[in-house]
Every structure is written in structure tokens, then in C-alpha cells.
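Grab a coffee and work through a few exercises on the model below. Try each task yourself before reading its solution.

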Amino acid sequence: MNRLFARFLLAVPLACVLLPGHAAEPAAGCPPQATPLSANTIAAGQRQARDHGFFWRVSKDGRASYLYGTIHAAREAWMFPGPTIVDAMRASDVVALELDVLDADIQRRLAVAIGPARAEPLPAALASRLERRRAVECVDSAAFASFAPEFQIASLTVLAARRDGFDPAYAIDLVLAGTARNLGKQVLSLETPETQMAALQMPSQAETVAFVKAGLDDLDSGRARPLVRRMAKAWVDGDYADLSRYTQWCECMRTSAERAAMKRL
């Protein structure tokens with residue numbers, strides 16, 4: 001499985017809706033908590049917003065469309081769209097997001113989609129490792145245990161990046177959804193919660209076990225966080241050359257199962 005990339009891409013549209021909210025003070029050993037946004041914080045963020053990421057303009061017959069490549073777990077300063085993005089949204093009739101996470105129906109379907117897909121439990125030793133990782137990331141273990149194992153690993157990978165300042169609470173797509181509404185634009189979802197989870201869930205129990213084990217190995221060894229940092233740096237710098245060489249440094253697509261999963265994604 002393209003372990004990190006799959007988890008990082010698919011987790012946050014789900015995570016920014018369903019993961020636990022902010023805590024006033026993190027417990028000892030827990031990763032930093034995102035700062036709740038106030039009206040003053042939002043106003044300042046909008047004033048100081050800079051363009052980040054990958055942006056394309058496509059025109060034909062006098063009409064223009066725009067494509068903005070976002071990152072799901074970001075730093076607070078990155079979450080506010082810069083002037084180029086805001087101008088493009090103003091000039092557009094429709095804003096189509098991967099998932100419109102402010103849509104009540106999308107939120108309801110997300111809550112259903114992340115439920116366990118199989119009756120078979122994980123092996124006891126692996127389930128214990130997963131429980132320990134939930135404790136390390138300071139999530140509600142009882143609530144998380146009801147989610148599909150693949151979703152748990154996806155979310156925990158993103159949550160581990162909080163120690164480097166990247167948080168799904170600062171998801172850029174979430175702010176774009178709100179900005180589009182404030183501009184009076186129609187907002188659509190390009191994907192569905194069901195297809196996202198279908199892409200994330202493994203075809204067999206054996207592959208689920210392998211996916212969870214690989215994800216925990218990456219997290220427990222510390223391999224996951226540097227890869228997230230590199231992806232985030234490529235995004236914020238607009239370094240398309242480095243991102244296009246992703247398969248050379250992602251430690252993925254090494255086996256037939258990994259390559260099949262990448263094709264499915």
C-alpha cells in the first residue's frame with residue numbers, strides 16, 4: 001500500500017469533521033492542540049493570507065476555470081486562501097471541492113462510511129498496538145475503536161503530524177468551503193464519502209492486517225512524520241518538481257499490493 005500518501009490524502013476530509021475537538025490544555029506527552037479560531041484570528045489571517053500550493057488556470061472560448069491543489073493538514077497561517085485563490089473563487093460560478101465538509105448530508109454519510117467494514121477483528125497483538133498508538137496521539141480510544149482499522153491508521157498518521165505543527169483542524173478545504181459560501185457561490189463535492197472509504201479499505205482481511213501493521217510500523221519508528229513534513233514543504237513552496245518525484249522518496253509502491261492500491265486510489 002502507498003502507506004503514507006493514501007492515509008494523508010484520504011484522512012482529513014473525514015478527520016476535520018469527525019475527530020475530537022480542541023482541548024484547552026494538552027495532557028502531558030500529548031501533541032499540541034490546535035488553537036481555537038476567534039473572530040480576531042480569522043480577520044488577521046485573512047488580511048495576512050499569502051498564496052501557497054499548486055494553482056492552475058485553464059481557459060477556452062473566453063471562459064476560465066481554476067484548479068487548486070490543496071493540502072489537508074496545514075499550519076494555521078496556511079489555512080486562509082491568498083489573494084490569487086480568492087480572486088479565482090470570486091470569478092467562478094461554482095466551487096467544487098473534494099468533499100464539502102460543511103454539507104450536513106456529507107457529514108452524516110461520513111459518520112456511516114468510517115464504520116468497520118468487516119466482522120473479523122484484528123489479531124489481538126495488532127489490536128493492542130493500535131490501542132497504544134491511540135493513547136500516544138491522545139484520541140478518544142473508545143470512539144476510535146468503532147472505526148474501520150484503515151481509517152484509524154489514516155487519522156493517526158495525520159494526527160501524528162501535530163507534533164510538527166500540521167493539524168487537520170487547519171484543513172484548507174474546510175476554509176475554502178466557508179469562503180465559497182461567504183462569496184455566495186454554489187459548492188459541490190467531486191467525490192463521495194462512500195467512494196473515499198472504498199478506496200481506503202483493503203480488499204481482504206489479510207491486506208487490512210498488513211496495512212495496519214505497516215502504518216503502525218511507520219508511526220512507531222518515526223518514519224511517517226518526516227514524509228509528511230516533506231510533502232508539506234513541497235506544497236507550501238510550490239515545489240512541483242519534488243512532488244512529481246514522490247515515488248522516489250515515499251517508500252511506497254515497492255510491492256504488487258502497494259502498486260495495486262495506488263492504482264485504485
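**Exercise 1. Salt bridges within a helix**

Task: find how many salt bridges the structure holds, then look at pairs inside single helices.

Solution. The count comes to 19 salt bridges, a salt bridge being a side-chain nitrogen of Lys or Arg within 4 Å of a carboxyl oxygen of Asp or Glu. Before going on, note that this is a predicted model, where local features need pLDDT of at least 70, side-chain atom pairs count only at pLDDT 80 or more, and totals for chains, interfaces and linings use all residues. Residues are numbered from 1 along each chain as its sequence is written, and side-chain values use heavy atoms, with hydrogens and water left out.

Step one: take R108 and D105, whose side chains meet in a salt bridge at 2.6 Å, N to O. Both sit in helix α4 (residues 104–113), 3 residues apart, or about one turn of the helix. Helices here are DSSP runs (H or I, at least four residues), as are strands (E, at least two), numbered from the N terminus. D105 is partly exposed, at 31% relative accessible area; the cut-offs are under 20% for buried, over 50% for exposed and in between for partly exposed (1.4 Å probe, protein chains only).

Step two: move to D217 and K213, which form a salt bridge at 2.9 Å, N to O. These two are 4 residues apart in helix α10 (residues 205–221), again about one helical turn. D217 is partly exposed at 23% relative accessibility, and K213 is partly exposed at 43%.

**Exercise 2. A salt bridge between loops**

Task: work out which parts of the chain the E137 and R162 pair ties together.

Solution. Start with the distance: the closest N and O atoms of this salt bridge are 4.0 Å apart. Next, place the partners. E137 lies in the loop between α5 (124–136) and α6 (141–144), and R162 in the loop between α7 (149–160) and α8 (172–182), so the pair ties together parts that are 25 residues apart in sequence.

Now check burial. E137 is buried, with a relative accessible area of 0%, and R162 is buried too, at 9%. Leaving out residues up to four places away in sequence, R162 touches P31, P32, Q33, E137 and D167, where contact means heavy atoms within 4.5 Å.

Last step: zoom out. E137 and R162 belong to a network of salt bridges that also links R129, R133, R163, K213, D217 and D220. The α10 pair from Exercise 1 is part of that network.

**Exercise 3. The disulfide**

Task: which two cysteines are joined by a disulfide, and what is its handedness?

Solution. There is 1 disulfide in the structure, counted as a pair of cysteine sulfur atoms within 2.5 Å. It joins C30 to C138, with 1.9 Å from S to S. The torsion about the S-S bond is about -95 degrees, so the disulfide is left-handed. C30 is in the loop between α1 (3–18) and α2 (39–48), and C138 in the loop between α5 and α6, so this pair ties together parts that are 108 residues apart in sequence. As for burial, C30 counts as buried at 19% relative accessibility, whereas C138 is partly exposed at 31%.

**Exercise 4. The nonpolar cores**

Task: which residues have the most contacts inside the largest nonpolar core, and which element supplies its largest share?

Solution. First the term: a nonpolar core is a set of buried Ala, Val, Leu, Ile, Met, Phe, Trp, Tyr and Cys residues joined through side-chain atoms within 4.5 Å. The largest one has 28 residues, and W78, F166, I172, L176 and W235 have the most contacts inside it. At least two residues of this core come from each of α3 (83–90), β3 (94–97), α8 and α11 (224–236). The largest share, 5 residues, is from α8.

Then follow I172: beyond residues up to four places away in sequence, its contacts are Y68, T70, I71, H72, A74, W78, M79 and W235. Apart from this core lies another, of 23 residues, including A148, A160, L200 and F211.

**Exercise 5. One side of a helix**

Task: are the buried residues of helix α9 (residues 193–200) on the same side or on opposite sides?

Solution. List them first: P193, Q196, M197, A199 and L200. They cover an arc of only 155 degrees around the axis, which puts them on the same side of α9. The arc is that of the directions from the helix axis to the C-beta atoms.
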